[in-house]
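Work through these exercises with the model open. Try each task before reading its solution.

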Amino acid sequence: MVTAEKLSFGFPEKDLYKEISFALEPGRHCALIGSNGTGKTTLVDIIRRPEGYLFDGKLLTEGAGRIGYLSQFTGQEKNRNITVFDYLSEEFIRLQEKTDAVCGAMETAEELDDLLERYQLLLDEAQSIDADNYERNIQRQLRLAELDGKADLELSKLSGGEYKLVQVIRQMLRYPGLLIMDEPDVFLDFENLTGLGDLINAYEGTLLVITHSRYLLGRCFDKIWHLENCGLQEFDGTFLEYNYSLLQGKIELQEATQANDAEIRRTEEMVVRLRKEATLVADPVKGRALKAKVSYLGRLEARNIKAPFVELRRPEIALPVVEEEIPDGEEDVLLQVTDYSLAFEEKLLEKVSFTVRAHEKIAIVGANGTGKTSLLRELWVGNNPAVRYSENARIGFFSQLQEETLNVENTCYQEFYELGFETPRSVEEYLQGYCFAPDHLDQPIEKLSGGEKNLLQLAKLCAGNANLLLLDEPSGHLDTYAQMALDKALAEYRGAILMVSHDFYSIANCADAILYVENGTIRHMSPRGFRKMIYKHHFSREYLELEAKKKELETRILLCLQEENCEEAKTLCEALGTIVEQM
């Protein structure tokens, strides 16, 4: 369906792919993974629009037919006054109207050949999308996504997550030869993420999905493309199997590299010794031995077993150091919210009250569309009479809308000069800890990937002195290792945090308390109560515990490989294999 042979492409400031080859067969569900900034979105855009890129190598999409696409960013049609069912029916209604028009024209036309051809094409198109059963198919898809009660609701009344699922369903109902989705999981709440997973697993067509979702990767794919170091690893199997196989392969390759390097060193020492002996005594036997060893050394060097590429692109996120000690009591309340209400066309929140104390980490959790982001943004603006900050509060803000905290027309250099960094070298040294190479820093921020922009937001936060962080989905768009680094930084931060998140891992690892938004108000929950609710309705506790152990072992194995400690890596890999079998 889609094949590439030795495809190479890059920008003037950065190579993305060097002679990568891959294939995507019909019916497969493929996850495209890789660190932030490795070119995942660019690769799928090349597949969609090869005529728009100058690349080397071959790319074939013969047999793929029409390619469907769902962007990271949807929302252009959300404000239309149309019901969900009618919106999903539009393609089928238009097709029926075209067919009726052709039939009407045939009643009076003298020449029917062109009309019959058009009629047959329309029939073929209708058959390809199962148009005769479209009503039943729409209801089935809505039920699968747990949106069956939303069919008669206007599109504009949907939450952002519900709208994203409707967009997924709309694309799937068109049965494209290949459906590409770019991070469809971003900012989905727990219910909608489960619905997305069910839609993916039930889909019978061919899928290529860019995702960093730990939930989806563990449940939804039977093929993996992994972009890494300008290359692409291709694996037939689940993400769980792939990660384990990849680490095993890297350990074996590093062992082979070490053995080859050791043999080269031994042979070089022998050649030096034999040459020294040959200068002292003219002995034909030693001369032949020297010649044989030199030839053997040449073969060893020609074999050139390269060490595996081992990169832990784990940013060094260090949130601001909070030095001062704020005594317990009224003085340690950094934020007081009293009888806060929020309404647009309808009331979302009413008479909400809560406090955030120094060193307290609170997660705001709830379904998409319940007003969490609007609440956090209004807290950031700080001009609502229901919001009162302590004079001790120094506020930092992380936004879903990256343009709120980043001037995307700036380069990275300019952005950090405005923060007080004085030299290019100081910016480079600082951002190196966030996985930014110097040759990326003089391009406009708008050219960065979504994950890179979020890392840049975090870097700006960490360069400040805030003791109260307002974070709106900080793990969005981040790759797995960046998410883990963020979890660690949040857990170690000694200031206060108020965080909107749908990432269960971040909440479970970092939150001291939960504000659960439902039915227009906020319910205070303990972390233990929240976890019990999640275990009951969404995730298996045992699976999540195994997932945490698995990720820890994977990280330790990579660290061992970086240190060329193969024996310890093998021992850890055996432990990892036991966990993989249990999952």
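**Exercise 1. Decide whether A151 is buried or exposed, and find its surroundings.**

Solution. This is a predicted model, so all values refer to that prediction.
- Step 1: Take the relative accessible area of A151, which is 6%.
- Step 2: Compare it with the cut-off: a residue under 20% counts as buried. A151 is therefore buried.
- Step 3: Locate the residue. A151 sits in the loop between α4 (134–144) and α5 (160–173).
- Step 4: List its contacts, leaving out neighbours within four places in sequence. They are T83, V84, F85 and L142.
- Step 5: Check one of these partners. V84 is 67 residues from A151 in sequence, yet the two C-alpha atoms are 5.0 Å apart.

**Exercise 2. Do the same for E19: buried or exposed?**

Solution.
- Step 1: Find the element. E19 belongs to strand β2 (residues 14–24).
- Step 2: Read its relative accessible area, 54%. Exposed means over 50%. So E19 is exposed.
- Step 3: List what it touches. Not counting residues up to four places away in sequence, E19 contacts K6, L7 and S8.
- Step 4: Add a distance. K58 is 39 residues from E19 along the chain, and their C-alpha atoms are separated by 9.7 Å.

**Exercise 3. Classify Q248 by exposure, then state how far Q248 and E90 are apart in space.**

Solution.
- Step 1: Place Q248 in helix α8 (residues 239–280).
- Step 2: Its relative accessible area is 31%, so Q248 is partly exposed.
- Step 3: Go to E90, 158 residues away in sequence. The C-alpha to C-alpha distance between Q248 and E90 is 50 Å.

**Exercise 4. Work out which kind of aromatic pair F235 and Y242 form, and which kind Y413 and Y417 form.**

Solution.
- Step 1: Start with the total. The whole structure holds 11 aromatic pairs.
- Step 2: Take F235 and Y242. Their ring centres lie 5.5 Å apart and their planes meet at 55°. Planes under 30 degrees apart count as stacked and over 60 as edge-to-face, with the rest tilted. So F235 and Y242 make a tilted pair.
- Step 3: Check their cover. F235 and Y242 are both buried.
- Step 4: Turn to Y413 and Y417. Centre to centre they are 6.2 Å apart, with 25° between the planes, and the pair is stacked.
- Step 5: Explain their spacing along the chain. Both are in helix α11 (residues 412–417), 4 residues apart, so about one helical turn separates them.
- Step 6: Compare their exposure. Y413 has 13% relative accessibility and is buried. Y417 has 33% and is partly exposed.
- Step 7: Look for a cluster. Ring pairs join F416, F421, Y430 and Y434.

**Exercise 5. Find which rings R48 and R170 sit over.**

Solution.
- Step 1: R48 lies over the face of Y69, 3.7 Å from the ring centre.
- Step 2: R170 places its charged end over the ring of Y87, at 4.0 Å from the centre.
- Step 3: Follow R48 back to its helix, α1 (residues 40–48). Of the 9 residues in α1, 7 are buried. They are K40, T42, L43, V44, D45, I46 and I47.

**Exercise 6. Locate C230 and C435, and give their phi values.**

Solution.
- Step 1: C230 has a positive phi near 65° and is not a glycine. It lies in the loop between β8 (223–228) and β9 (231–236).
- Step 2: C435 has a positive phi of about 70°, again without being a glycine. Its loop runs between α12 (424–432) and α13 (450–462).

**Exercise 7. Summarise the whole protein.**

Solution.
- Step 1: Count the elements: 18 helices and 18 strands.
- Step 2: Give the span of the C-alpha trace along its principal axes, about 100 × 90 × 50 Å.
- Step 3: State the burial. Of 583 residues, 51% are buried.
- Step 4: Assess the contacts. Among those between residues at least 6 apart in sequence, 71% join residues at least 24 apart.
- Step 5: Describe the surface. The accessible area is about 28200 Å², and carbon and sulfur atoms account for 47% of it.
- Step 6: Count the charges. There are 65 positive and 99 negative side chains, and the centres of the two sets are 6 Å apart.

How values were computed:
Residues are numbered from 1 along each chain as its sequence is written. This is a predicted model: local features need pLDDT of at least 70, side-chain atom pairs count only at pLDDT 80 or more; totals for chains, interfaces and linings use all residues. Side-chain values use heavy atoms; hydrogens and water are left out. Helices (H or I, at least four residues) and strands (E, at least two) are DSSP runs, numbered from the N terminus. Buried means under 20% relative accessible area, exposed over 50%, partly exposed in between (1.4 Å probe, protein chains only). Contact means heavy atoms within 4.5 Å. Accessible areas come from the Shrake-Rupley method with a 1.4 Å probe; for residues, only the protein chains shown count as cover. Lys and Arg count as positive and Asp and Glu as negative; His and the chain ends are not counted. The place of a charge is taken as NZ of Lys, CZ of Arg, CG of Asp or CD of Glu. Rings of Phe, Tyr and Trp (its six-membered ring) pair if their centres lie within 6.5 Å; planes under 30 degrees apart count as stacked, over 60 as edge-to-face and the rest as tilted. A charge sits over a ring if NZ of Lys or CZ of Arg is within 6 Å of the ring centre and within 35 degrees of the ring normal.
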